[in-house]
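Visitor: I would like a close look at a single helix in this chain, together with enough of its surroundings to place that helix in the whole. Please take the backbone details with care.

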Amino acid sequence: MKISILDDYHATVHTLACFGKLAGHEVKIWNDHVQDIDTLAERLKDTEALVLIRERTHIRAPLLDRLDKLKLISQRSVYPHIDVDACTRLGVIVSSSQHAGTPSYAAAELTWGLVLAAMRQIPQQMNALKAGKWQIGVGSTLRGKTLGIYGYGRIGAVVAGYARAFGMNVLVWAREAALARARADGYVAARSRDAFFGECDIISLHLRLVEATRGIVTAGDLARMKPAALIVNTSRAQLIAPGALVNALNAGRPGMAAVDVFEEEPVLDRRHPLLLMENVVCTPHIGYVSRDEYEIQFADIFDQITACAAGAPINVVNPEVLSSACVRR
């Protein structure tokens, strides 16, 4: 198959051990980021299998309608950036492993790194030291404080374990089934949603972005947080109502934020409001960006391609396309 891989920013994919799974296929890798439809249509005009790295590039109907040879889109995790209905209409298979049994330890570790960085003012202190200043402020320790986990899934459970190791109290808010799992693991469920936002010293979001969770954290929720509290988001920016985080930080509740995700990515404007705030620690969506995580993710992605090439697609999110008369052979 003719395979195109988009948005490999650091020219990493071809160096992975799992890249050998594509032996015998014709592979083209693009290291820049392009969203212009005309440019993408030209680049991908002969592509039969398209590999996406998470949500870096949106694949919508105006582009799909111009990719006559495309048979498969292969990626991992959620797919809000793909017009699945258009793919089905055009006979394009979308395969995406949901890694049901494996947490992203890379994302959990980054979450904890952001907690430590924000609470101890590590980036701010480093920048001050480089500017010739010494000890610009006083940070806070974690032991004895309360970490709130919003959404007790695979990653949330790992982060809760880190908090326990640091001597923190853990409070959980989630759907009832997830709360039951949290209780079984020895954690406490919040008395109420209001109590969760009001009592936690740190809140970390660990929810999938679906229509039901879009904007689930409201301005009112943020206003209930303590002035010294920290909110951490390594999941998806759209979990928080549009504009609510910046407004809340300006109002002083919560007092700090640490974010790895943004409403529009990539963020290349140095004047982005969150980048200008001294009480915010920002990273460029690197929660899953580690060589170890890449090996796991791309092994799945490439397995999906070889399965499709063999005539037995796996992890298909639009299975109706398989029985469609318009499926591309």
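Guide: What follows begins with the whole chain, turns to one helix, and then visits some particular backbone sites. The model is a predicted one, and in it the chain carries 11 helices and 12 strands. The radius of gyration is 21 Å, close to the 20 Å that the globule rule gives for 329 residues, so the chain is as compact as a globular protein of that length. Along the principal axes, the C-alpha atoms occupy a box of roughly 60 × 50 × 35 Å.

Of the 329 residues, 49% are buried, and the contacts tell how the chain is brought together: among those with a separation of 6 or more, 63% are between residues 24 or more positions apart. The area that the chain exposes is about 15,400 Å², of which carbon and sulfur atoms supply 54%. As for charge, there are 36 positive and 34 negative charges, and the mean positions of these two sets lie 5 Å apart.

The part to examine closely is helix α4, which covers residues 105–119. Its 15 residues reach 21 Å from the first C-alpha to the last, close to the 21 Å expected at 1.5 Å a residue. This helix is mostly covered, with 11 of its 15 residues buried. The buried set includes the alanines Ala106, Ala107, Ala108, Ala117 and Ala118; also buried are Leu110, Thr111, Trp112, Leu114, Val115 and Met119. An α-helix has 3.6 residues a turn, so residues three or four places apart point the same way. With that in mind, the reader can follow Leu110, Leu114 and Ala118 along the helix, each of which is buried, and then Thr111 and Val115, which are buried as well. After α4 comes Gln121, whose phi is positive, near 55°.

Gln121 leads on to other backbone angles. Asp7, although not a glycine, has a positive phi of about 65°; this residue lies in the loop between β1 (2–5) and β2 (26–29) and, at 2% relative accessibility, counts as buried. Asn315, in the segment after α11 (291–309), is likewise a residue other than glycine with a positive phi, in this case near 55°. Since the burial cut-off is under 20% and exposure begins over 50%, Asn315, at 36% relative accessibility, counts as partly exposed.

Two peptide bonds also deserve inspection. A cis bond joins Arg253 and Pro254, with omega at about 0°, and Pro254 is found in the loop between α10 (244–251) and β11 (256–259). Another cis bond joins Glu265 and Pro266, again with omega at about 0°, and Pro266 has its place in the loop between β11 and β12 (280–282).

One last site connects distant parts of the sequence. Thr88 is found in helix α3 (residues 84–90) and is buried, with a relative accessible area of 16%. Thr88 and Pro319 stand 231 residues apart in sequence, while their C-alpha atoms are 8.6 Å apart in space. To return to the helix requested, α4 is mostly covered, and the residue with positive phi that follows it is Gln121.

Conventions:
Residues numbered from 1 in each chain as written. Predicted model: local features only at pLDDT ≥ 70, side-chain atom pairs only at ≥ 80, totals over all residues. Heavy atoms only, no water. Helix = DSSP H or I, 4+ residues; strand = E, 2+ residues; numbered from the N terminus. Rg over C-alpha atoms; globule rule 2.2 N^0.38 Å. Buried < 20%, exposed > 50% of the residue type's maximum accessible area, 1.4 Å probe, protein only. Contact = heavy atoms within 4.5 Å. Areas by Shrake-Rupley, 256 points an atom, 1.4 Å probe, with all protein chains shown as cover. Lys, Arg positive; Asp, Glu negative; His and termini not counted. Charge placed at Lys NZ, Arg CZ, Asp CG, Glu CD. Expected span 1.5 Å × (residues − 1).
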